[in-house]
Amino acid sequence: AAFAAMKIISNYRFDEVCFVGRDRGQMTYWRSAGEIARTPMPQQDCTDVHSAKVQAVQRGEDWKVVDGGHEIYDYGDDQAAADQAALVIRTYALNRQCFFARPDSRTHYWLAL
C-alpha cells in the first residue's frame with residue numbers, strides 16, 4: 001500500500017494535502033501547485049461522483065455528503081464540515097474519488113476529469 005501511494009503521489013506531484021473535518025479525518029484531497037489532478041493513471045481504483053449533484057443532507061441525527069443516494073461522507077452532527085465538503089467537491093468539480101489502497105477507504109484522493 002505504501003509503494004502504491006508513493007507511485008501515485010509521485011505521478012501527480014502532489015505537494016499539498018487538504019482536509020475537511022480534520023478532527024474526524026473525513027475528507028482528504030490532494031493538490032499539486034494548488035490544482036487538482038485531472039489526468040487519470042491506468043489501473044486506478046476510483047468511484048465516479050456527480051459533483052453537480054453533491055450536497056450535504058441530514059439523515060436522522062447525522063449530516064451526510066451524498067451524490068443522490070450514494071453516501072460519500074458521514075460527518076455525524078457536524079453540519080458545517082458536511083457543508084464545506086460538499087462545497088469543495090462542487091467548487092473543484094471533483095468527479096472521481098480514488099483510493100491509494102483498499103480496504104482502507106479513508107486513504108484517498110480526488111480527480112477532476
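A residue is termed buried when its relative accessible area is under 20%, exposed when that area is over 50%, and partly exposed in between. The exercises below apply this to a predicted model.

**Exercise 1. Determine what share of the 113 residues in the protein is buried, and characterise the overall fold and dimensions.**

*Solution.*
1. With the cut-off above, buried residues account for 42% of the 113 residues.
2. The secondary structure consists of 2 helices and 8 strands, arranged along the sequence as α-β-β-β-β-β-β-α-β-β.
3. A compact globule of 113 residues would have a radius of gyration near 13 Å, and the 14 Å of the protein agrees with this.
4. The C-alpha trace spans about 40 × 25 × 25 Å along its principal axes.
5. Among contacts with a separation of 6 or more, 48% join residues that are 24 or more positions apart.

**Exercise 2. State how the accessible surface and the charges of the protein are described.**

*Solution.*
1. The accessible surface amounts to about 6,500 Å², and carbon and sulfur atoms contribute 48% of that area.
2. The protein carries 13 positive and 15 negative charges, and the mean positions of these two sets lie 7 Å apart.

**Exercise 3. Analyse the salt bridge between aspartate 45 and arginine 102.**

*Solution.*
1. Side chains of opposite charge can pair when their charged atoms come close.
2. The criterion is a side-chain nitrogen of Lys or Arg within 4 Å of a carboxyl oxygen of Asp or Glu; by this rule there are 5 salt bridges.
3. For aspartate 45 and arginine 102, the closest N and O atoms are 2.7 Å apart, and the pair forms a salt bridge.
4. Aspartate 45 belongs to strand β3 (residues 45–48), whereas arginine 102 sits in the loop between β7 (96–99) and β8 (108–111); the pair thus links distant parts of the chain, 57 residues apart.
5. Aspartate 45 has a relative accessible area of 32% and is therefore partly exposed; arginine 102, at 44%, is likewise partly exposed.

**Exercise 4. Identify which residues are joined with Lys64 into one network of salt bridges.**

*Solution.*
1. Lysine 64 forms a salt bridge with aspartate 74, with 2.9 Å between the closest N and O atoms.
2. Lysine 64 lies in strand β5 (residues 62–67) and aspartate 74 in strand β6 (residues 70–74), so this pair ties together parts 10 residues apart in sequence.
3. A salt bridge also connects lysine 64 and glutamate 71, at 3.4 Å from N to O.
4. Through shared partners, Lys64, Glu71 and Asp74 form one network.
5. Lysine 64 is buried, because its relative accessible area is 10%. Glutamate 71 is partly exposed at 37%, and aspartate 74 is partly exposed at 24%.

Terms used:
Residues numbered from 1 in each chain as written. Predicted model: local features only at pLDDT ≥ 70, side-chain atom pairs only at ≥ 80, totals over all residues. Heavy atoms only, no water. Helix = DSSP H or I, 4+ residues; strand = E, 2+ residues; numbered from the N terminus. Rg over C-alpha atoms; globule rule 2.2 N^0.38 Å. Buried < 20%, exposed > 50% of the residue type's maximum accessible area, 1.4 Å probe, protein only. Contact = heavy atoms within 4.5 Å. Areas by Shrake-Rupley, 256 points an atom, 1.4 Å probe, with all protein chains shown as cover. Lys, Arg positive; Asp, Glu negative; His and termini not counted. Charge placed at Lys NZ, Arg CZ, Asp CG, Glu CD.
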